[in-house]
Amino acid sequence: MAQEKLPKSAMDRFNLCERIAIITGGAGKLGMRHAEAVMEAGGIVTLLDVDKEKLSLACDKLSKNFQETSIEGIVCNITDPIQVENARDQILEKSGHIDILINNAANNPHVGADAGDQRQQNLSRLEEFPLTLWQQDLAVGLTGAFLCSKIFGPVMAKQNKGVILNISSDLSVIAPDQRLYHNHDLPDSQQPVKPVTYSVVKAGIVGLTRYLSNYWTGKGIRVNALSFGGVYSSDLDPAFVTRLENLIPMGRMASTDEYKSAIIFMASDASSYLTGQNVVLDGGRSVW
């Protein structure tokens, strides 16, 4: 296999100019940050999301902030292969190529939030966890990533170049510390917990990453995972934040924009010799 020709300047390798990036779960907080990162590096973004209203708002906001960059949103349920194929055809009809796929979509219930939410009652606990929630979470977080890779990947293989970036979590390499969610007013049988599906999905994403990286390595496709730690937001319970920060060597959660440069690195030629890896950005939590 011939060596790939890269820009001479190391900084030029971060350029995503004219590259088409697809981001699943694109209307969510992290999805929009990933989009900003790609667009800041010159890329062209298509957001996929099942929520039509949120998708429209996300596209409007990004368009205002990046007026000279193309942004498109496609309503798409990534658990439905027909809808994913339709999205692929729509993108190819307009752009003719697909360069980057960021598998970001996942269910991530906020533990300890609204007690009226089914997940925040004792149904979140393993003994009571409903099969329907298990199936829903795996469908979005794992099956969705599989289907998008299966459907968009061959386009990249035909081009002999592409990047698949799977968004995972530090909980792909460590178990959730359920003490973070402990409520002194509840008995053990009713304590809120991070659901089993979150860890299973994120670990599965890493397994999918390794498989795909080996499967398509001869086709110029690089596949990696980014495993994020917790992102701080003002609506988090201060007691929870303090507990979590005590588990992190750097002593803090990530800021909202702190992962953007990692997205650019992993999606661009700057990481041209990196594939099959799970890069963990967690402030050191997983090594303490």
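# Exercises on a predicted model

In this predicted model, seven strands matter first: an open sheet of 7 strands follows the order 3-2-1-4-5-6-7, and the pairing is parallel.

**Exercise 1.** Determine which strands stand at the edges of the sheet, and state what the twist averages from one strand to the next.

*Solution.* Begin with the order 3-2-1-4-5-6-7, which is that of an open sheet. Strand 3 (71-75) and strand 7 (278-281) stand at the edges, and because each has a single partner strand, one side of each is left without a neighbour in the sheet. From one strand to the next, the twist averages 20°.

**Exercise 2.** Describe how strand 5 is joined to strand 6, and then identify which strands helix 5 lies across and which strands helix 7 touches.

*Solution.* Strands of a sheet pair through backbone hydrogen bonds, either parallel or antiparallel. Here strand 5 and strand 6 (residues 221-228) run parallel and are joined by 8 bridges, and I167 stands opposite L226 in strand 6. Turning to the helices, helix 5 lies across strand 5, strand 6 and strand 7, and runs at about 155° to strand 5. Helix 7 (residues 260-267) also packs on the sheet, where it touches strand 4 (100-103), strand 5, strand 6 and strand 7, while its direction makes about 165° with that of strand 6.

**Exercise 3.** Locate L171, decide whether L171 is buried or exposed, and find which residues beyond its neighbours in sequence are in contact with it.

*Solution.* L171 is found in the loop between strand 5 (162-169) and helix 5 (196-215). Its relative accessibility is 8%, which is under 20%, so L171 counts as buried. When neighbours within four places in sequence are left aside, L171 is in contact with P176, K194, Y198 and S199. The last of these, S199, is found in helix 5 and is likewise buried, with a relative accessible area of 18%; not counting residues up to four places away in sequence, S199 touches L171 and P176.

**Exercise 4.** Establish how many cavities of 30 Å³ or more there are, and work out which residues line the largest cavity and which element gives the most to that lining.

*Solution.* The count comes to 3 cavities of 30 Å³ or more, and about 50 Å³ of space lies in the largest cavity. The lining of the largest cavity is made by A106, N107, P109, D137, G141, T197, Y198, V201 and K202. The elements that give two or more residues to this lining are helix 4 (131-159) and helix 5, and helix 5 gives the most, with 4 residues. By residue class, the lining of the largest cavity divides into 4 nonpolar, 3 polar and 2 charged.

**Exercise 5.** For E18 and N160, give the value of the positive phi, and then decide how accessible E18 and N160 are.

*Solution.* Most residues other than glycine have a negative phi. E18, although not a glycine, has a positive phi of about 70°, and its place is in the segment before strand 1 (20-24). N160, which is not a glycine either, has a positive phi of about 65° and lies in the loop between helix 4 and strand 5. With a relative accessible area of 52%, which is over 50%, E18 is exposed, whereas N160, at 49% relative accessibility, counts as partly exposed.

Definitions and conventions. Residues are numbered from 1 along each chain as its sequence is written. This is a predicted model: local features need pLDDT of at least 70, side-chain atom pairs count only at pLDDT 80 or more; totals for chains, interfaces and linings use all residues. Side-chain values use heavy atoms; hydrogens and water are left out. Buried means under 20% relative accessible area, exposed over 50%, partly exposed in between (1.4 Å probe, protein chains only). Contact means heavy atoms within 4.5 Å. On a 1 Å grid over the protein atoms alone, a cavity is a set of points where a 1.4 Å probe fits but cannot get out, and a pocket is an open set with protein on both sides within 12 Å along at least five of seven lines; lining residues have an atom within 4 Å of a point. Grid points are joined across faces, edges and corners, and a volume is the space filled by probe spheres set on the points. Ala, Val, Leu, Ile, Met, Phe, Trp, Tyr, Cys and Pro count as nonpolar, Asp, Glu, Lys and Arg as charged, and the others, Gly among them, as polar. Two strands pair if DSSP finds at least two bridges between them. Axes are lines fitted to C-alpha atoms, for helices over the stretch in contact, and angles run from 0 to 180 degrees between N-to-C directions.
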